[in-house]
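Q: I would like to learn how to read helix packing and strand pairing in a model. Could you walk me through it?

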Amino acid sequence: MSRQALLPRTAPFGDQERAHLDAALGAATPIQRAWLTGFLAGLDAASGQPAAAAPAPTAPPKAAEPLTILFASESGNSEKLAGDVSKIARKQGFKPKVVDFADLVLATLPKAGKVIAIAATWGEGEPPARAVRAYGELMGDAAPRLDGVQFGVLALGDTSYAEFCAIGKALDARFEALGAQRAYDRADLDLDFDKPAADWIKGALKALAPAEAPSGNVVAVDFRAGSEDEDAEVSRDPVVVEVIDHVNLNSSRSDKETIHLALEFEDGAPAYEPGDSLEIFPENDPQLVDEILRATGLSGDEGLRKALLAERDITTLSPTTVERFAKATGHADAQKFVESGEVKAWIEGRHLIDLIERFPAELTAEHLNTVTRPLPPRAYSIASSRKEVGDEVHLTIAAVRYETHGRARSGVASVHVADRIKNGAKLRVRVKPNKHFRLPSDPATDIIMVGPGTGVAPFRAFVQERRATEAPGRSWLFFGDRHFTHDFLYQLEWQDALEDGSLAKIDVAFSRDQPEKIYVQDRIDQNAAEVVAWLDGGAHFYVCGDAKNMAKDVRAAVVRAFESVKGLSSADAEAHVASLERAKRYQQDVY
């Protein structure tokens, strides 16, 4: 077995010097290392002194400044930024500790000293699912005082939602209300957060740095070699893939359209894992682009048309968009509208084209660039295992189509895939890891998977992975949709999985096949005793799909199962499910 290198690659030595030092230090005893420490410190202190002069006493090295980095993350962005803060902070002499809100013990906060909190807002102003418990405790009456704590908050959000960055704003205010001192002003960032986040991190670390820099030549060294090896991370650079399969999984009589998309990587599939997502860089609807160009009198600008197709978000309409529009155009009525307080209600269900038509104005390409934000990629759960499909990745994408305010609307990426992408087409994509939605490390562990509709995608990957690795653990799937005949996604594959044993059990709920609607949570109620037995036996429970209703209803069903089967009070049953969440045996990937 090769020995782990002691010196990090950032040490100020060449490769050969670092190898020699590693060899010497690796073989040294603790006493020998301590002697070398004192000897080198003495040499440094004696540098430049007369030969007869006694070495000056050396001061003990200054301890690195502790820094707690909290993150509340749903899609992984806050967690990634927390890791970035940790790496930068360590190089600047801090001793960083990254803490997931899911693991936060509130009683430790008053002693934290210095805190950076990075928080995403989920849905309509809600905390990420894993942060709900600690966030609730922090906002509660029993929260401890934070006198003496210095803090800074970085808020992530999406301006397409009315409650933009609500959780970050609430944390910022709560820290202050509990007596903490704001060391650096909060930043509220939209989806294109990379550059402003990097700037904020730089400023926050400078503000939180100790008043006096460490004296002498003391250098903070992290001996946890390899703990944050950047080479181990999946590349975040977009790559081009080819569409090799494009199939509508619903029948022709269904009122839904769900595309199974198989993509092939030319240079080999990146190291994605079951549970990860793939981000697609889509293009806007060409008809909508042309409609905007006609409404603004810019139809002849081909460069602008190209930018609006692939680079700018022309569907999102937020209060910020309206404010930018009023300022950029100087439209008096638009400005009055902003000041009226009616914007938040009016934008519901509307897009940029509605704003342009309501307030006609002479616009330029620069105006449109100012009003819109960059077109963000859309993430979809990966529905395949590399161990079974090789250099491919599969996605399960439901085409989003609806009508509001007399106008047909469509999902940017989903309808781009459904209508304008065919076999042989090229797409830009990148992997988005999700280490909080993973199969158990022990393949003998049983798993229960709840995934109605396209929420079944990651569980197709789970089943493929366990089949390919011959995992002995049992797998149980709860699937739901509207109609058995038209909407049973991957039906034949589930039947094959039951036959080969990679799926031990499947329970389905088709809501429109009978007078009363039946959902996956109803099937959990009906199987409460067996669900509890599996969980008591160590099974892991997974939920993927709609966050607004389904995920909450499923969790409530599991709580009810513990109540009814084990005779627990509602509070004790809730505590039991919360303990599963803390143990990472109840995991969600919801949207």
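A: Happily! Helices α21 and α22 are oblique to each other, because angles under 35 degrees count as roughly parallel, over 145 as roughly antiparallel, 65 to 115 as roughly perpendicular and the rest as oblique. This is a predicted model, where local features need pLDDT of at least 70 and side-chain atom pairs 80 or more, while totals for chains, interfaces and linings use all residues. Residues are numbered from 1 along each chain as its sequence is written, and side-chain values use heavy atoms, without hydrogens and water.

Q: At what angle do α21 and α22 pack, and how far apart are their axes?

A: Axes are lines fitted to C-alpha atoms, for helices over the stretch in contact, with angles from 0 to 180 degrees between N-to-C directions. Helices (H or I, at least four residues) and strands (E, at least two) are DSSP runs, numbered from the N terminus. Here α21 (residues 550-566) and α22 (residues 570-582) pack at about 120°, with axes 8 Å apart.

Q: Which residues of α21 meet α22?

A: Contact means heavy atoms within 4.5 Å. In α21, R555, V558, V559, F562 and E563 meet residues of α22, including A573 and V577.

Q: In what order do the five strands form the open sheet?

A: Strands of a sheet pair through backbone hydrogen bonds, either parallel or antiparallel. Two strands pair if DSSP finds at least two bridges between them. The order is β16-β15-β14-β17-β18, with parallel pairing. β16 (505-510) and β18 (586-590) stand at the edges with a single partner strand each, so one side of each has no neighbour in the sheet.
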